[in-house]
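Got the viewer open? Let's take a walk through this one, stop by stop.

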Amino acid sequence: MTNAEPGKSPDNPWPVRAVATRVAKYIDRLGTVWVEGQIAQLNVRPTVVFIMLRDPAADMSLSVVCPRDLVANAPVKLTEGVQVVMHGKPQFHTGRGTFSLRVSEIRAVGLGELLERIERLRKLLEAEGLFDPRLKRPLPFLPNTVGLITGRASAAEHDVVSVAQNRWPAVRFAIRNTAVQGPNTVPQIVDALRELDADPDVDVIVIARGGGDIDALLPFYDETLCREIAKCTTPVVSAIGHEPDNPICDLVADLRAATPTDAAKRIVPDAAAEQALITDLCRRGGRALRNWVHREQHTLDQLRSRPVLAQPLAALSARADEVHRARTAARRDITRLINVESDRIGHLSARLSTLGPAATLARGYAVVQTMPDGQVLRTTADAPAGARLRVRVADGAISAVSDGPESPEGTD
């Protein structure tokens with residue numbers, strides 16, 4: 001005997017019917033819901049229709065059951081790939097243990113509403129900076145391997161491969177064939193993008209598809225695909241549709257090509273055009289070099305023809321007489337100046353001699369100095385009796401001793 005709560009231990013399990021009934025009651029309390037998705041499968045029976053409704057942005061689906069009249073009276077023809085909005089009640093079938101949505105109303109996603117959603121998504125991605133030109137990665141001049149995502153055996157694949165190989169025969173492709181329309185498009189392209197982006201040999205990735213209306217190109221407006229393109233580290237070229245088509249993934253990609261053919265022309269150079277360009281550049285380079293040599297040669301000829309280079313000593317010879325005259329004039333002026341100054345110095349010397357003490361002494365005067373201090377004798381008081389004197393005359397000096405001052409009246 002055990003006291004465990006039913007369903008909580010292996011000794012007291014619930015039977016299948018109890019679990020199924022409880023799950024059914026829980027799901028029944030969910031009420032009705034509105035669901036949007038793409039029709040992946042459509043199985044029409046005499047009274048009911050079984051639909052597989054798929055999420056275009058994820059690998060998820062939901063079983064839908066509805067009356068046949070509801071499908072027949074739908075606002076649009078329901079086929080695989082059509083985007084619809086359904087109103088129904090979730091149900092769990094206890095007998096089969098399956099979950100489905102019992103639909104009571106089907107609405108088509110109108111073009112106006114679809115365009116409004118696309119515009120909201122475009123503004124959201126633009127606000128996040130996914131369209132910023134500064135984030136665009138440059139394409140390599142000559143890619144090692146081109147990753148190509150396109151439909152199997154499609155015209156887009158043929159256009160890209162054939163045009164690229166005609167332009168550059170050595171180009172290599174890593175082709176991933178995916179759905180390009182319908183509910184499986186986004187998951188398959190996302191997986192292919194991740195695989196090619198992780199391949200180190202792939203230098204550029206091209207997503208190519210032919211033209212179509214907005215319903216056919218709807219997967220390329222998907223937010224999941226756009227964000228996956230923005231996350232790629234390898235440059236991505238979007239070649240979806242034709243010139244008027246402009247899905248959001250074109251704005252996120254690093255380069256938008258108008259057509260798959262235009263994408264092939266953008267990703268690889270034209271070998272013939274490049275060879276012609278090289279030939280033209282070589283010709284232009286040779287012509288420019290020859291013109292430069294001729295121009296420099298002409299400049300050298302002009303320089304060599306100038307008189308200063310043709311006869312470099314002519315200018316010196318023409319200036320030699322002028323230099324000789326200048327030297328003669330300089331010598332004459334210097335000599336005259338020296339003579340004038342010599343005469344002036346002689347006159348000054350004579351005047352100095354005349355005014356100097358030697359000339360005075362020569363006329364019979366003498367200079368008397370007291371010894372030993374050498375002071376000039378100016379008064380008789382400076383030479384008392386016995387004072388030693390030095391008497392300087394014209395031809396020398398003599399020593400004397402003072403007898404003192406004489407009497408004012410003189411001697412007899």
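Select helix α4 (residues 155-167): it lies across β6, β7 and β8 (202-209), in contact meaning heavy atoms within 4.5 Å. Helix α4 runs at about 175° to β7, where axes are lines fitted to C-alpha atoms, for helices over the stretch in contact, and angles run from 0 to 180 degrees between N-to-C directions. Helices here are DSSP runs of H or I with at least four residues, strands are runs of E with at least two, and both are numbered from the N terminus.

A word on what you're viewing: this is a predicted model, in which local features need pLDDT of at least 70 and side-chain atom pairs count only at pLDDT 80 or more, while totals for chains, interfaces and linings use all residues. Residues are numbered from 1 along each chain as its sequence is written, and side-chain values use heavy atoms, with hydrogens and water left out.

Now show the sheet under your cursor: an open one of five parallel strands, in the order β7-β6-β8-β9-β10. Because β7 (173-177) and β10 (255-256) stand at the edges with a single partner strand each, one side of each has no neighbour in the sheet. Strand β6 (residues 145-150) and β7 are joined by five bridges; two strands count as paired if DSSP finds at least two bridges between them. Click L148 and you'll find I175 of β7 opposite.

Next, hop to the other sheet. Here five strands close into a barrel, β1-β2-β3-β5-β4, with mixed pairing. On average, its neighbouring strands are turned by 55° against each other, direction ignored.

- Select β4 and β5: they pair antiparallel over ten bridges, with G88 opposite V103 in β5.
- Look at their hairpin, which has four residues between the strands: G97 takes a positive phi near 70°.
- Add strand β1 (residues 33-44), antiparallel to β4 over six bridges; E36 stands opposite V85 in β4.
- Pick strand β3 (residues 61-67) with β5 (residues 98-108): this pair is parallel, over two bridges, and V65 faces R102 in β5.
- Bring in helix α1 (residues 16-28), which lies across β4 (83-93) and β5 at about 145° to β4.

Finally, zoom out. Which domains does the assignment give? Domain 1 (17-109), domain 2 (132-268), domain 3 (270-306) and domain 4 (359-379 + 387-397), with bounds from an automatic or database domain assignment. Taken over C-alpha atoms, the centres of domain 2 and domain 4 are 130 Å apart.
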